[in-house]
Amino acid sequence: MEVGAVAAMRYVPEGIKAAKLVLEYTKHTMLVGDQASAFAISMGLQGPTNLSSVESIEKWTKWKDNSCQPNFRKNVIPRDSCGPFHPNGPSIRRCLMDNELRPNEFGSVTVNVGLHSHDTISMAVIDQIGQVAVGTSTNGATFKIPGRVGDGPIAGSSAYADAEVGACGATGDGDIMMRFLPCYQAVENMRLGMEPKLAAKDAISRIARKYPNFIGALFAVNRNGTHAGACHGWTFQYSVRNPGMNDVEVFTVHPQ
């Protein structure tokens, strides 16, 4: 039950290594922002580094030229611009009430979360003596609001592991998924005796009941190596390899 995470960390390309440094060399669970960057660099990781690429700059420029559309703002004015933004309502109280994200009311959010709008990688490993570890790395959602933290560094959301039970990794609309801790749910389902397939399906269905338009997927693997996946809103693939295999095998999971 050890956890290390970093979030909103800039200037350091190896985020997953920084998270492992938090786990191995601090008593904390998560470091964020520029202080996380400073910690990672002080512990020997490369940086500060400009992480922009020609492709990302071109993509961002086109987005700016399109009045910063699409974006993750809602209930604000002006709506179709790059801001500055203000609450759309006669009072802050009304704005806060309106900002409660309800099922089937995603505004512009749905156009941002898709097959090509994020790059999450989640991996689980079981070693020869049965120890289980899992890690997740991501750049986050394209065109996110600065300061946004998704489900990647949240234990129990994008990843969770317990050597007594197994592990889980997830990807998709992290802003929605982190509200349900789907990987914690999947692992606890397996603890209660569910096979990985049912455990994964149950965790995804809990989200889909509240947010039927969300996009997401997860895999679950028990301590014996039995694995399965579940998804909603897209066709999901994950790969598996064990000592008895010459190469990885890719498994395709269709929406339930």
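Strands here are DSSP runs of type E, at least two residues long, numbered from the N terminus. With that in hand, V3 is easy to place: this residue sits in the segment before strand 1. The model is a predicted one, and V3 makes a handy way into it. At a relative accessible area of 33%, V3 is partly exposed. Leaving aside residues up to four places away in sequence, V3 touches L23, H28, T29 and A155. The C-alpha atoms of V3 and E24 are 9.0 Å apart, with their positions 21 residues apart along the chain. G4 and Y25 make a similar kind of pair: they are also 21 residues apart along the chain, and 9.4 Å separates their C-alpha atoms. Y25 belongs to helix 1 and, with a relative accessibility of 55%, counts as exposed.

As for the chain overall, its secondary structure comes to seven helices and 12 strands. The protein chain has 256 residues, and 39% of them count as buried. Among contacts with a separation of 6 or more, 53% join residues 24 or more positions apart. The exposed surface of the chain is about 14900 Å², with carbon and sulfur atoms supplying 54% of it.

Back to helix 1, which spans residues 15–25. Its buried residues are A18, A19, L21 and V22. Looking down the axis of helix 1, these buried residues fall within an arc of 155°, so they line one face of the helix. The general rule behind such a pattern is that an α-helix has 3.6 residues a turn, so residues three or four places apart point the same way. The buried residues of helix 1 pack against strand 1, strand 2 and helix 2.

Helix 2, covering residues 33–42, tells a comparable story, with G33, A36, S37, F39 and A40 buried. These residues take up an arc of only 160° around the axis, which means they sit on the same side of helix 2. Over on the other side, Q35 and S42 are exposed. The cover over the buried residues of helix 2 includes strand 1 (5–7), helix 1 and strand 2 (30–32). So helix 1 turns up in the cover of helix 2, and helix 2 in turn is one of the elements that the buried residues of helix 1 pack against. Just past the end of helix 2, G44 has a positive phi of about 105°.

A few loops have backbone geometry worth a look. The loop between helix 3 and strand 3 holds C68, whose phi is near 55°, a positive value in a residue other than glycine. C68 counts as buried, given its relative accessibility of 4%, the cut-off for buried being under 20%. P70 lies in the loop between helix 3 (54–65) and strand 3 (76–77) too, and the peptide bond leading into it from Q69 is cis, with omega near 0°. Another cis peptide bond runs from G83 to P84, with omega near 5°. P84 is found in the loop between strand 3 and strand 4 (86–87). Further along the chain, L181 lies in the loop between helix 5 (174–177) and helix 6 (182–191). L181 is not a glycine either, yet its phi is positive, at about 45°. With 31% relative accessibility, L181 counts as partly exposed.

That leaves the second largest pocket, which holds about 850 Å³ of space. Its lining is made up of 31 residues, and those lying nearest its centre are M123, A124, F219, S239 and V240. By type, the lining residues divide into 17 nonpolar, 11 polar and three charged. Strands feature in this lining: strand 5 (121–126), strand 8 (166–172), strand 9 (216–222) and strand 11 (236–240) each supply at least two residues. Strand 5 gives the largest share, with six residues.

Methods:
Residues numbered from 1 in each chain as written. Predicted model: local features only at pLDDT ≥ 70, side-chain atom pairs only at ≥ 80, totals over all residues. Heavy atoms only, no water. Helix = DSSP H or I, 4+ residues; strand = E, 2+ residues; numbered from the N terminus. Buried < 20%, exposed > 50% of the residue type's maximum accessible area, 1.4 Å probe, protein only. Contact = heavy atoms within 4.5 Å. Areas by Shrake-Rupley, 256 points an atom, 1.4 Å probe, with all protein chains shown as cover. Arc of directions from axis to C-beta. 1 Å grid on protein atoms, 1.4 Å probe; cavity = no way out; pocket = protein on both sides within 12 Å on 5 of 7 lines; lining within 4 Å. Points joined across faces, edges and corners; volume = space filled by probe spheres on them. Nonpolar A, V, L, I, M, F, W, Y, C, P; charged D, E, K, R; others polar.
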